[in-house]
Amino acid sequence: MIPLSIHVKQGLAKLVLPFLFVMACLVMLIGQAQPKLVEAMRLKVTDFLAPGYALIEEPFNFIYNFAHSFKDLQNLSSDNKKLKEENIQLRRWYHVAMGLSEENMKLKNQLHWIPDPKLSFVTTRVVADVSGVYHKAILVVLGEDHAVSPGQVALDGFGLIGRVTEVGNRSARILLINDDSSRIPIRLSNSHAQAIMAGDNSLYPRLIFYPEDKHPIEGEKVVTEGQGDTLPAGIPIGYVHYLKKGQPVVIPYLPLDHLRIVRIVDYGNKEVTPPDAPGRIMPSNKKVRQGPVASPTMLEHNE
């Protein structure tokens with residue numbers, strides 16, 4: 001190490017802040033002049049750091065799981081009693097569901113119902129929350145041979161959370177629905193009104209541009225409308241809540257700041273398999289753009 005005098009060290013310390021300021025300006029200028037180059041460099045850095053994020057997160061996950069396991073042991077007796085009661089009720093509902101499923105299948109066969117296309121999706125883990133003051137996004141880790149592409153839809157266990165915006169070799173960035181640049185057409189379940197869900201970097205996206213004679217109702221469900229975009233209709237998002245009079249917002253089913261597992265779904269055009277029923281119409285070879293809805297079985301959400 002080169003020995004330096006106190007005056008030289010003090011001079012270098014004063015130059016650090018101007019040096020960082022000049023470097024920041026250079027990065028901004030290069031970003032404006034060569035945006036593709038900067039984006040490629042950022043994806044390379046993200047791919048390099050993604051495994052590191054996962055390693056850093058592991059100890060915290062272990063402590064979190066250990067604390068929850070200890071808490072679960074304390075409630076073991078009461079939970080066991082509650083599960084037995086729920087099991088009896090579920091057996092009753094199972095027989096009801098089987099009867100309804102059989103009836104539904106018969107009705108679909110009579111109507112020559114065309115089933116929804118099978119959707120492909122991947123389930124992955126959130127390794128970092130890369131949100132800042134002016135944007136809301138998360139980083140997920142992917143395998144090397146993944147088929148994720150920008151524009152695909154990201155869901156949690158209950159509904160929509162965002163869209164994939166950038167994809168690297170081993171990671172992807174998801175822009176959340178509460179980002180300030182997010183604007184999503186939605187439909188309200190009870191009033192059947194259309195509106196725009198706009199993010200503002202808070203936890204709860206706002207509802208704007210709804211009809212004056214159909215104000216959102218407290219507690220009604222919000223689903224995607226699917227107009228003018230590749231985002232399909234019918235994906236659940238959350239429910240309406242008034243933070244104060246005249247300011248409706250959407251409360252997501254799961255908090256957007258505690259996402260751990262997400263599913264990335266490819267809602268691209270798919271071949272539709274016709275039902276095996278007599279008298280059905282043979283489809284042409286031309287691909288038809290479908291407007292699929294979120295499958296409750298896939299979302300594991302009981303409406």
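# A guided tour from salt bridges to a barrel

Select Asp200 and Arg206: their side chains meet in a salt bridge at 3.4 Å, N to O. A salt bridge here is a side-chain nitrogen of Lys or Arg within 4 Å of a carboxyl oxygen of Asp or Glu. Side chains of opposite charge can pair when their charged atoms come close. Asp200 is partly exposed at 30% relative accessibility, and Arg206 is partly exposed at 28%. The terms are set by relative accessible area: buried is under 20%, exposed is over 50%, and partly exposed is in between (1.4 Å probe, protein chains only).

Before moving on, note that this is a predicted model, in which local features need pLDDT of at least 70 and side-chain atom pairs count only at pLDDT 80 or more, while totals for chains, interfaces and linings use all residues. Residues are numbered from 1 along each chain as its sequence is written, and side-chain values use heavy atoms, with hydrogens and water left out.

**Second stop: Arg187 and Glu225**

By the salt-bridge rule, the count comes to four. Select Arg187 and Glu225, another of these pairs, whose closest N and O atoms are 2.8 Å apart. Arg187 belongs to strand β6 (residues 183–188), whereas Glu225 sits in the loop between β9 (221–224) and β10 (236–244), so the salt bridge ties together parts that are 38 residues apart in sequence. Strands (E, at least two residues) and helices (H or I, at least four residues) are DSSP runs, numbered from the N terminus. Arg187 is partly exposed, with a relative accessible area of 28%; Glu225, at 11%, counts as buried.

**Third stop: Glu166**

Now select Glu166, which is found in strand β4 (residues 160–167). Is Glu166 buried or exposed? Glu166 is buried, because its relative accessible area is 10%. Its side chain forms a salt bridge with that of Arg173 (3.4 Å, N to O), and Arg173 is buried as well. Leaving aside residues up to four places away in sequence, Glu166 touches Glu39, Arg42, Leu43, Ala172 and Arg173; contact means heavy atoms within 4.5 Å. Add Gly151 to the selection: Gly151 and Glu166 are 15 residues apart in sequence and 8.7 Å apart in space, C-alpha to C-alpha.

**Fourth stop: the barrel**

Show the strands as ribbons. Which strands make up the closed barrel? The six strands run β1-β2-β5-β4-β3-β12, with antiparallel pairing. The twist averages 40° from one strand to the next. Two strands pair if DSSP finds at least two bridges between them.

Select β1 (residues 120–129) and β12 (residues 261–266), which pair in the antiparallel sense over six bridges. Here Thr123 stands opposite Arg263 in β12. On changing the selection to β1 and β2 (residues 137–141), one finds antiparallel pairing over three bridges. Val126 has Val140 in β2 as its bridge partner.

**Last stop: two helical spans**

Select helix α2 (residues 35–74), which lies across β1, β2, β4 and β5 (171–176) and runs at about 80° to β1. Axes are lines fitted to C-alpha atoms, for helices over the stretch in contact, and angles run from 0 to 180 degrees between N-to-C directions.

Finally, select residues 12–31, covered by the annotation "transmembrane region" in an unreviewed UniProt entry. UniProt positions are given in the numbering used here, feature names are shortened, and annotations may be inferred rather than shown by experiment. In the model, this span is 100% helix and 0% strand, with its end C-alpha atoms 28 Å apart.
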